[in-house]
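Please go through the chain below as it is laid out in the sequence and in three dimensions. The report that follows takes up single residues, helices, cores and cavities in turn.

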Amino acid sequence: MLAYQAGDLSAFEQLYKKHKGPLYRYFVRQLRDNTLAEDLYQEVWGKVIKAVATYQVSAKFTTWLYKIAHNLIIDHIRAVKPLDDTQALGEDQTMDSFNAASDVEPDQQLQQQQQAKMLQGCIDLLPAVQKEAFLLNVELGLTAAAISDIAKVTLEATKSRIRYAYQSIKLCISQKTQEA
């Protein structure tokens, strides 16, 4: 970002290429609306461009970027619905990390798809604050400290959110497995 701030346009391209996939997936997973995710995604990059002149290193660029994304999601949620209102994931969507490899047997592919659907269903049941902390931790590999900066909450609150998310998901999967 500092190179971009100094006038190196290729530095912006590098930032964009590095963060475009994870940032877009963050929006899709939080909002489950591809059109809205695309709009907010573009808005984040617009804010990055506008902030180039005033940007100061106060945290990692990733933390700063996701703080912008987090704030846009919060603004949208406040404008549209209560914080913990959730929607079901579409039937044709699964978690990217659980997509079956092409060299896996059809039985295993089906089992992996069912597990992915079960996991996504359990994640969807989480309160929004736990879901966000969980996804930032698991999907992006961010630390609790970075997540607490993004969400503007204490480190202990963030650790609790992540811990409760894991506990809830584990319990949910256990219950769904017993039902099946």
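## Thr63 and Ser148

In this predicted model, Thr63 has its place in helix H4. With a relative accessible area of 6%, Thr63 falls under the 20% limit and is therefore counted as buried. Leaving aside residues up to four places away in sequence, the contacts of Thr63 are with Ala146, Asp149 and Ile150.

Ser148, a residue of helix H7, is likewise buried, its relative accessible area being 8%. When residues up to four places away in sequence are not counted, Ser148 touches Val153, Thr154, Leu155 and Thr158.

## Overall fold

The secondary structure of the protein amounts to 8 helices and 0 strands, so that the pattern read along the sequence is α-α-α-α-α-α-α-α. Of the 180 residues in the protein, 37% are buried. If one takes the contacts between residues at least 6 apart in sequence, 66% of them join residues that are at least 24 apart.

## The nonpolar cores

In soluble globular proteins, nonpolar side chains tend to be buried together. The largest nonpolar core here has 37 residues, of which Met1, Leu23, Phe27, Val44, Val48, Trp64 and Leu65 touch the most other members. At least two residues of this core come from each of H2, helix H3 (34-50), helix H4 (61-80), H6 and helix H7 (144-151), and the greatest contribution is that of H4, with 9 residues.

Phe27, one of the residues that touch the most other members of the largest core, is in contact with Arg32, Ala37, Leu40, Tyr41, Val44, Ala69 and Ile73, residues up to four places away in sequence not being counted. Apart from the largest core lies another core, made up of 9 residues, among them Ile123, Leu126, Leu135 and Cys172.

## Helix H5

How does the span of helix H5 (residues 106-124) agree with what its 19 residues should give at 1.5 Å a residue? The expected value is 1.5 Å times one less than the number of residues, and for H5 this comes to 27 Å, which agrees with the 27 Å that separates its end C-alpha atoms.

The buried residues of H5 are Ala116, Leu119, Gln120, Cys122, Ile123 and Asp124. Included in what covers these buried residues are H2, H6 and helix H8 (155-179). Ile123, listed among the buried residues of H5, is also one of the members of the 9-residue core.

## Ile49 in helix H3

Ile49 lies in helix H3 and, with a relative accessible area of 41%, is partly exposed, because this value falls between the 20% limit for buried and the 50% limit for exposed residues. Apart from residues up to four places away in sequence, which are not counted, Ile49 touches Tyr4 and Phe12. From C-alpha to C-alpha, Ile49 and Met1 are 9.9 Å apart in space, although 48 residues separate them in sequence.

## Two loop residues with positive phi

Arg32, although not a glycine, has a positive phi of about 55 degrees. Arg32 lies in the loop between H2 and H3, where it is buried with a relative accessible area of 14%. Arg32 also appears among the residues that Phe27 touches.

Lys152 is another residue other than glycine with a positive phi, in this case near 60 degrees. Is Lys152, which lies in the loop between H7 and H8, buried or exposed? Its relative accessible area is 56%, so Lys152 is exposed, whereas Arg32 is buried.

## The second largest cavity

The structure holds 2 cavities of 30 Å³ or more, and the second largest of them contains about 40 Å³ of space. Its lining consists of Pro22, Arg25, Tyr26, Arg29, Leu135, Leu136, Glu139 and Leu140. Sorted by class, these lining residues are 5 nonpolar and 3 charged, with no polar residue.

Helix H2 (9-31) and helix H6 (128-138) each supply at least two residues of the lining, and H2 gives the most, with 4 residues. An α-helix has 3.6 residues a turn, so residues three or four places apart point the same way. Leu135, which belongs to the lining of the second largest cavity, is also named among the members of the 9-residue core.

Technical notes. Residues are numbered from 1 along each chain as its sequence is written. This is a predicted model: local features need pLDDT of at least 70, side-chain atom pairs count only at pLDDT 80 or more; totals for chains, interfaces and linings use all residues. Side-chain values use heavy atoms; hydrogens and water are left out. On a 1 Å grid over the protein atoms alone, a cavity is a set of points where a 1.4 Å probe fits but cannot get out, and a pocket is an open set with protein on both sides within 12 Å along at least five of seven lines; lining residues have an atom within 4 Å of a point. Grid points are joined across faces, edges and corners, and a volume is the space filled by probe spheres set on the points. Ala, Val, Leu, Ile, Met, Phe, Trp, Tyr, Cys and Pro count as nonpolar, Asp, Glu, Lys and Arg as charged, and the others, Gly among them, as polar. A nonpolar core is a set of buried Ala, Val, Leu, Ile, Met, Phe, Trp, Tyr and Cys residues joined through side-chain atoms within 4.5 Å. Buried means under 20% relative accessible area, exposed over 50%, partly exposed in between (1.4 Å probe, protein chains only). Contact means heavy atoms within 4.5 Å.
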